[in-house]
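Q: I should like to learn how to read the features of this model. Where should a newcomer begin?

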Amino acid sequence: MAELLITGGAGFIGSHTCLVLLGAGHRLVVLDNYSNSSPEALRRVAELAKLENESRLRVVQGDIRSDEDLDRAFSQSQHDIEAVVHFAGLKSVRESLENPLLYWDVNVNGSRCLLEAMQRFGCRTIVFSSSATLYGYQERVPIPETSAVKPTNPYGHSKAAVESLLAAVALTE
């Protein structure tokens, strides 16, 4: 099975994804700074996955904006990290209105730092957790992914910017 890096793996969606991936037999390295989560979530994941040892779930406390933390996470793998599932980031529309620069730093700059680390370690596969918020207000629900991107707040703009960054990187490979 694959060795995967999960950023933000202690969060709600990240921890549930970790449980499913472990159940499928994958090995995981989780990078999380616990700003919107707790180490307890990963302890529960290990318990629910009935892990007898921690070799299939390794946890690195750190920030995606830190080259040192990213390098430590990539170096924790027993084999090469084959793919990244990227959940790390800030997610409050209200907070993004109050502190937009923080959202651009964590969500966009953090994603850029992650992509640079992936390049350093030869990892070319990423799954990015975006948000319907980047579509703004739509008349049709559910919103199809073919809808125009029209964010209405800094959080949505930061998610749209990361999607643009990923598209640009994909074009160069």
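A: Let us begin with strand pairing. Two strands pair if DSSP finds at least two bridges between them. In this predicted model, strand E1 and strand E4 (residues 83-86) run parallel and are joined by four bridges. Within that pairing, Leu 4 has Ala 83 of E4 as its bridge partner.

Q: Which strand is joined to E1 by five bridges, and how do the two run?

A: That strand is E2 (residues 27-32), and E1 and E2 run parallel. Opposite Glu 3 stands Arg 27 of E2. A helix also belongs to this arrangement: E1, helix H1 (residues 12-23) and E2 form a β-α-β unit that is right-handed.

Q: How should the two faces of a strand be read, and are those of E1 covered or uncovered?

A: In a regular strand, side chains alternate between the two faces of the sheet. In E1, Glu 3, Leu 5 and Thr 7 lie on one side, with Leu 4 and Ile 6 on the other, and all are buried. Both faces are thus covered, and five of the five residues in E1 (residues 3-7) are buried.

Q: What is the general idea behind a nonpolar core, and which residues touch the most other members of the largest one?

A: Nonpolar side chains in soluble globular proteins tend to be buried together. The largest nonpolar core here has 21 residues, and those touching the most other members are Leu 5, Leu 31, Phe 74, Ile 81, Val 84, Leu 114 and Met 118. Two or more residues of this core come from each of E2, helix H3 (67-75), helix H5 (100-120) and helix H6 (154-172). H5 gives the most, namely six residues. There is also a second, separate core of 18 residues, including Ala 10, Leu 21, Leu 22 and Val 30.

Q: What does Leu 114 contact, leaving aside its neighbours within four places in sequence?

A: With those neighbours left aside, Leu 114 is in contact with Leu 5, Thr 7, Ile 64, Leu 70, Phe 74, Val 84, His 86 and Ile 126.

Q: How may two residues in a loop be compared, for instance Gln 78 and Ile 81, between H3 and E4?

A: One may consult accessibility and contacts for each. Ile 81 is counted as buried because its relative accessibility is 6%, under the 20% cut-off. Beyond four places in sequence, Ile 81 contacts Glu 3, Leu 4, Leu 5, Val 29, Phe 74 and Cys 123. Gln 78, at 44% relative accessibility, counts as partly exposed. Not counting residues up to four places away in sequence, Gln 78 touches Glu 3, Arg 27, Ser 55 and Arg 58. Gln 78 and Arg 58 are 20 residues apart along the chain, with their C-alpha atoms separated by 9.8 Å.

Q: How many disulfides does a search of the whole structure find?

A: The search finds zero. A disulfide requires two cysteine sulfur atoms within 2.5 Å. For Cys 113, the nearest cysteine sulfur is that of Cys 123, 16 Å away. For Cys 123, the nearest is that of Cys 18, at 15 Å. Cys 113 is buried, with a relative accessible area of 4%, and Cys 123 is buried at 5% relative accessibility.

Q: Where in the chain is confidence lowest, and where is it highest?

A: Where pLDDT is low, the predicted coordinates should not be read in detail. In this chain, the lowest confidence is in H6, with a mean of 93, and the highest is in E4, at 98. The chain averages a pLDDT of 94, and 98% of the residues score at least 70.

Conventions: Residues are numbered from 1 along each chain as its sequence is written. This is a predicted model: local features need pLDDT of at least 70, side-chain atom pairs count only at pLDDT 80 or more; totals for chains, interfaces and linings use all residues. Side-chain values use heavy atoms; hydrogens and water are left out. Buried means under 20% relative accessible area, exposed over 50%, partly exposed in between (1.4 Å probe, protein chains only). A crossover is right-handed if, with the strands pointing away from the viewer, the path from the first strand over the helix to the second runs clockwise. A nonpolar core is a set of buried Ala, Val, Leu, Ile, Met, Phe, Trp, Tyr and Cys residues joined through side-chain atoms within 4.5 Å. Contact means heavy atoms within 4.5 Å. pLDDT is the predictor's confidence in each residue, from 0 to 100.
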